[in-house]
Amino acid sequence: MAESILLTAARVSTFDGDKLLTGASGFFFLRDERLFFVTSRHVVVDAPTKHFPNRLEIELHTDAVDLTQASVLSVWLYVDGKSMWRQGSDTGGEIDVATIELDRAALPPSVAMHTFTPAHLQSMLDEVEVGSALLVVGYPLGFHDVIYHLPVVRHAVIASSFGVRFQGKGYFLTDARTHRGTSGAAVVMRAPGTNPALPWKLLGVHSSRLDMNTRDLALDESLGLNCAWYADILLPLRCNPDRLPEIVNPYLALALDLDTAVVSDLVLSAPEGSPTAFYTGDNLRDALRRLVRLLDRPESFAVLKENF
């Protein structure tokens with residue numbers, strides 16, 4: 001049987017009706033027993049290139065032992081004029097990540113896949129350093145093992161400070177050789193000591209190559225750098241459009257409105273020689289995470305709405 005990381009990925013083709021348009025990469029993400037397929041937003045719609053598919057075909061393994069066995073799941077991108085996929089945006093603009101919820105009843109009974117979950121997201125940013133080794137799991141130029149229907153991986157390293165929004169956008173940079181067709185691929189880092197079934201951290205979603213408009217095509221090589229959108233965008237993008245049709249731009253962060261007078265008193269009351277900056281530590285972050293998780297509990301709304 002193939003490594004579990006290879007079974008998180010799937011080759012996706014876009015169609016306008018029966019007309020094949022493009023090929024790309026994607027992967028599976030599971031939260032609260034809901035299964036999502038993740039890819040780049042420009043795979044499902046891209047106005048600048050006049051790319052407007054209305055259907056996806058996702059290739060699935062149907063036998064965990066005999067990987068030559070596969071089938072195709074057809075997914076409509078629009079139903080009754082409404083998009084079935086979700087995308088996000090923030091103060092930096094649109095985010096090039098899209099998710100579409102899959103009907104688990106429509107999957108083959110013997111489907112063989114591995115899924116990322118919120119537990120695979122990187123919560124402690126300082127554990128990931130610039131230069132850390134990564135893999136990009138996808139289908140460059142559509143290339144893959146056509147007999148066993150498996151993706152290939154490319155080596156990459158983190159090329160910008162992880163946790164910092166490069167140029168104010170919600171992505172970091174990777175240094176890797178990539179091609180068309182890799183859009184939507186999972187960008188992962190090995191995580192020994194975690195879940196042995198899938199010992200990887202999902203850091204990002206590969207989007208596109210980054211280059212300089214001023215580069216001399218005859219004299220200068222391409223930068224070889226790529227944009228990878230931070231994978232934590234997947235948490236707000238789980239919304240079902242039928243349940244929450246009014247949500248267009250999900251919130252991507254929690255802001256604390258601190259009372260400057262209280263902060264000033266805290267600084268002035270500190271012993272002489274104390275630092276003027278204070279490390280909040282894990283306790284505050286843990287309290288905030290537990291507070292945000294209450295949003296998934298409808299019975300908590302009555303209490304929360306009085307305070308926020």
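Begin by selecting E33, which sits in the loop between strand 2 and strand 3. The model on display is a predicted one. E33 has a positive phi of about 65°, although this residue is not a glycine. As general background, most residues other than glycine have a negative phi. With a relative accessible area of 60%, E33 is exposed.

Next, add D32 to the selection; this residue also belongs to the loop between strand 2 and strand 3. D32 likewise is not a glycine and has a positive phi, here of about 50°. Its relative accessibility is 55%, so D32 counts as exposed.

**Salt bridges**

The tour now turns to charged side chains. In general, side chains of opposite charge can pair when their charged atoms come close. The count for this model comes to eight salt bridges.

Select R34 and E101 together. Their side chains meet in a salt bridge, with 2.9 Å from N to O. R34 lies in strand 3 (residues 34–39) and E101 lies in strand 9 (residues 93–101), so this pair ties together parts that are 67 residues apart in sequence. Are these two partners buried or exposed? R34 counts as buried, at 16% relative accessibility, because the limit for that class is under 20%. E101 is partly exposed, with a relative accessible area of 29%.

Move on to E59 and R11. These residues form a salt bridge in which the closest N and O atoms are 3.5 Å apart. The pair links distant parts of the chain, as E59 is in strand 4 and R11 is in strand 1, 48 residues apart. E59 is buried, with a relative accessible area of 15%, whereas R11 counts as partly exposed at 25% relative accessibility. Keep both residues highlighted for the cavity stop below.

The next pair to select is D46 and R41, whose side chains meet in a salt bridge of 3.8 Å, N to O. D46 counts as buried at 14% relative accessibility, and R41 counts as buried at 14% as well. Then select D18, R55 and E57, which are joined into one network by salt bridges that share partners.

**The cavity**

In general, rolling a probe the size of a water molecule over the atoms shows where empty space is left. How many cavities of 30 Å³ or more does a search of the whole structure find? The search finds one. The largest cavity has a volume of about 90 Å³.

To display its lining, select L7, A9, A10, R11, F28, E59, L60, H61, A112, M113, Y139 and H149. Strand 1 and strand 4 (55–61) are the elements that give two or more residues to this lining. By class, the lining of the largest cavity has eight nonpolar, two polar and two charged residues. R11 and E59, the salt-bridge partners from the earlier stop, are among the residues that line the cavity.

**The second largest pocket**

Select G23, H42, R180, G181 and S183 next. Among the 24 residues that line the second largest pocket, these five lie nearest its centre. The volume of this pocket is about 540 Å³.

Which elements each supply at least two residues of the lining? They are strand 1 (9–16), strand 2 (19–31), helix 1 (41–44) and strand 14 (200–210). By class, the lining of the second largest pocket has 14 polar, six nonpolar and four charged residues.

**A surface patch and a buried leucine**

Now select V146, I147 and Y148. Together they form a nonpolar patch on the surface, with about 310 Å² of accessible area. I147 is found in the loop between strand 10 (133–138) and strand 11 (152–158). This residue is exposed, with a relative accessible area of 51%; the class applies because 51% is over 50%.

For the last stop, select L73, which lies in strand 5 (residues 70–76). L73 is buried, with a relative accessible area of 11%. Add V12 and display the distance between the C-alpha atoms of L73 and V12: these atoms are separated by 9.5 Å, while the two residues are 61 residues apart along the chain.

Note on methods
Residues are numbered from 1 along each chain as its sequence is written. This is a predicted model: local features need pLDDT of at least 70, side-chain atom pairs count only at pLDDT 80 or more; totals for chains, interfaces and linings use all residues. Side-chain values use heavy atoms; hydrogens and water are left out. On a 1 Å grid over the protein atoms alone, a cavity is a set of points where a 1.4 Å probe fits but cannot get out, and a pocket is an open set with protein on both sides within 12 Å along at least five of seven lines; lining residues have an atom within 4 Å of a point. Grid points are joined across faces, edges and corners, and a volume is the space filled by probe spheres set on the points. Helices (H or I, at least four residues) and strands (E, at least two) are DSSP runs, numbered from the N terminus. Ala, Val, Leu, Ile, Met, Phe, Trp, Tyr, Cys and Pro count as nonpolar, Asp, Glu, Lys and Arg as charged, and the others, Gly among them, as polar. Patches are made of residues with over 30% relative accessible area and no salt bridge: like charges are joined within 9 Å, nonpolar side chains (Val, Leu, Ile, Met, Phe, Trp, Tyr) within 5 Å. Accessible areas come from the Shrake-Rupley method with a 1.4 Å probe; for residues, only the protein chains shown count as cover. A salt bridge is a side-chain nitrogen of Lys or Arg within 4 Å of a carboxyl oxygen of Asp or Glu. Buried means under 20% relative accessible area, exposed over 50%, partly exposed in between (1.4 Å probe, protein chains only).
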